[in-house]
Amino acid sequence: MTAVLEPDAAQRGILQAMLHGSVAFADVEGLDKHVRTAANEFAVVIGPSVPAEAAAELAQWARVHRPDLGVILLRHTVDSNALALALRSGMREVVAARDLAGITTAVQRARSVANAIGQTLLDEAQAAADTARAQVAAEAEHAAAIAQAEAEAPRGKVITVFSTKGGVGKSLVATNLGVALADSGRSACLVDLDVNSGDVAIMLQLTPQRTINDLVGFNGVIEEEGITSILTRHSDNLSIVAAPVRLDSPDQASIEDISKLVDALRRMVDFVVIDTSGVFDDHALCALDKSDVIVLVGTLDIPSLKALKLATSTLEVLNFPKSTWRFVLNRADGKVGLSADEYEKTLGLKADASLVSSREVLAAVNRGEALVHAYPNHPNSKTLVTLATGVAAGLAHAASADEGAPSSRRSGGSRLRLRRA
């Protein structure tokens with residue numbers, strides 16, 4: 001539609017008769033009310049009798065609030081003043097009042113421009129709506145991915161038994177923890193990461209057909225089916241991933257393979273118990289980084305104390321929280337001039353479990369039987385079972401706390417360690 005503003009009745013009648021379907025107004029107030037409510041209006045023809053200031057004010061309003069509304073100014077004389085006024089106020093065209101054909105053509109051009117602007121605005125609105133829908137879909141997809149990741153997140157807990165000195169009973173503690181956890185009805189897997197001299201299979205009288213180095217054959221795709229093929233079964237609830245039986249094996253599992261193995265095992269069993277070598281090598285660091293609990297083992301002698309003190313200092317430098325540490329003092333009853341209290345004070349840790357010297361321990365090892373099975377009533381067996389029960393209960397309590405905590409507080413994946421240069 002076209003609106004006409006002209007105070008002169010005769011001139012207004014001519015313009016309205018010429019512009020079929022137009023509406024005419026004698027004053028600005030009536031026109032203003034009309035264009036504010038008529039969304040389909042595309043042109044306003046301002047007659048020659050309208051003062052320049054009123055025409056300019058209307059054009060400036062339309063330029064800001066109705067960019068699709070074309071303002072056409074009619075003047076008896078189209079001079080530089082009229083053109084300057086149109087330019088300053090944003091009018092679409094200036095036409096001589098007597099040029100009836102020019103007025104009609106100007107209105108038609110205003111219609112074309114209005115249609116183009118309307119289509120552009122429609123496209124922009126559609127694009128904005130599409131963007132909003134895409135954003136909502138992306139957010140929904142992201143939320144679904146998070147939910148799926150949480151659903152697929154590893155459920156099992158990792159317990160790493162560690163010491164930087166050999167011969168302190170590390171493998172003894174690891175194997176008996178695994179057996180005790182399995183005896184309690186939980187599924188567990190023992191992973192022997194002492195790739196040079198692992199003893200877990202021997203201590204449980206097992207003859208593994210495949211070892212951890214067989215991960216190489218999976219070409220980086222470490223999945224449950226493949227892992228099952230390299231497990232050696234000890235009982236219904238306990239299996240092991242054995243260390244290599246040959247030192248000259250041409251293929252050795254990479255740290256990436258071992259990391260994927262531990263992550264996959266956490267989805268398969270309740271507990272992954274890892275026995276490590278006596279050094280801070282890449283295998284040990286990989287295990288420690290994925291651990292929920294770190295069990296430190298030492299014996300009542302100065303070399304062991306020194307090694308364990310260095311180990312705890314390194315763990316602190318690497319930002320492993322003390323709340324995840326458990327300390328087992330082996331052969332704590334030895335009369336060697338160093339008391340358990342002195343040991344704990346120097347180390348800065350209280351022993352969570354103390355094992356006494358006993359020939360039954362070596363007898364069980366030589367028979368390839370877990371101490372908690374061979375001598376269930378032995379003090380060391382009871383201590384190891386209590387340790388396993390306490391660790392499991394502590395991890396269950398921590399898991400319950402995490403479920404009620406904000407997601408930003410929960411751990412996600414391996415932790416980033418700050419290492420001293």
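How many helices and strands does the secondary structure of the chain come to? Let's work through that and a few more exercises.

Before you start: this is a predicted model, where local features need pLDDT of at least 70, side-chain atom pairs count only at pLDDT 80 or more, and totals for chains, interfaces and linings use all residues. Residues are numbered from 1 along each chain as its sequence is written, and side-chain values use heavy atoms, with hydrogens and water left out.

**Exercise 1. Count the elements.**

Step 1: Helices (H or I, at least four residues) and strands (E, at least two) are DSSP runs, numbered from the N terminus.
Step 2: The tally for the chain is 15 helices and 13 strands.

**Exercise 2. Lay out the sheet that holds β1 to β5.**

Step 1: Go across the open sheet and you meet 5 strands in the order β2-β1-β3-β4-β5, with parallel pairing. Two strands pair if DSSP finds at least two bridges between them.
Step 2: Look at the edges. β2 (23–25) and β5 (93–96) each have a single partner strand, so one side of each is left without a neighbour in the sheet.
Step 3: Check one pair. β4 (residues 70–75) and β5 are joined in the parallel sense over 4 bridges, and Ile72 has Glu93 in β5 as its bridge partner.

**Exercise 3. Find what lies across the strands.**

Step 1: Angles run from 0 to 180 degrees between N-to-C directions, and axes are lines fitted to C-alpha atoms, for helices over the stretch in contact. Contact means heavy atoms within 4.5 Å.
Step 2: α1 (residues 9–18) lies across β1 (2–5), β2 and β4, at about 165 degrees to β2.
Step 3: α3 (residues 52–65) lies across β3 (43–46) and β4, at about 165 degrees to β4.

**Exercise 4. Is Thr276 buried or exposed?**

Step 1: Find Thr276 in the loop between β10 (271–275) and α10 (282–289).
Step 2: Apply the cut-offs: buried means under 20% relative accessible area, exposed over 50%, partly exposed in between (1.4 Å probe, protein chains only).
Step 3: Thr276 has a relative accessible area of 1%, so Thr276 is buried.
Step 4: See who is around. Leaving aside neighbours within four places in sequence, Thr276 is in contact with residues including Thr160, Phe162, Lys170 and Leu193. The Thr276 side chain also reaches the backbone oxygen of Val161 at 2.8 Å.

**Exercise 5. Compare the chain with a globule.**

Step 1: The radius of gyration is taken over C-alpha atoms, and the globule rule is 2.2 Å times the number of residues to the power 0.38.
Step 2: A compact globule of 421 residues would come out near 22 Å, but the chain has 42 Å.

How values were computed
A polar contact is a pair of N or O atoms within 3.5 Å; within protein, one must be able to donate a hydrogen and the other to accept it, and residues adjacent in sequence count only if both atoms are side-chain atoms.
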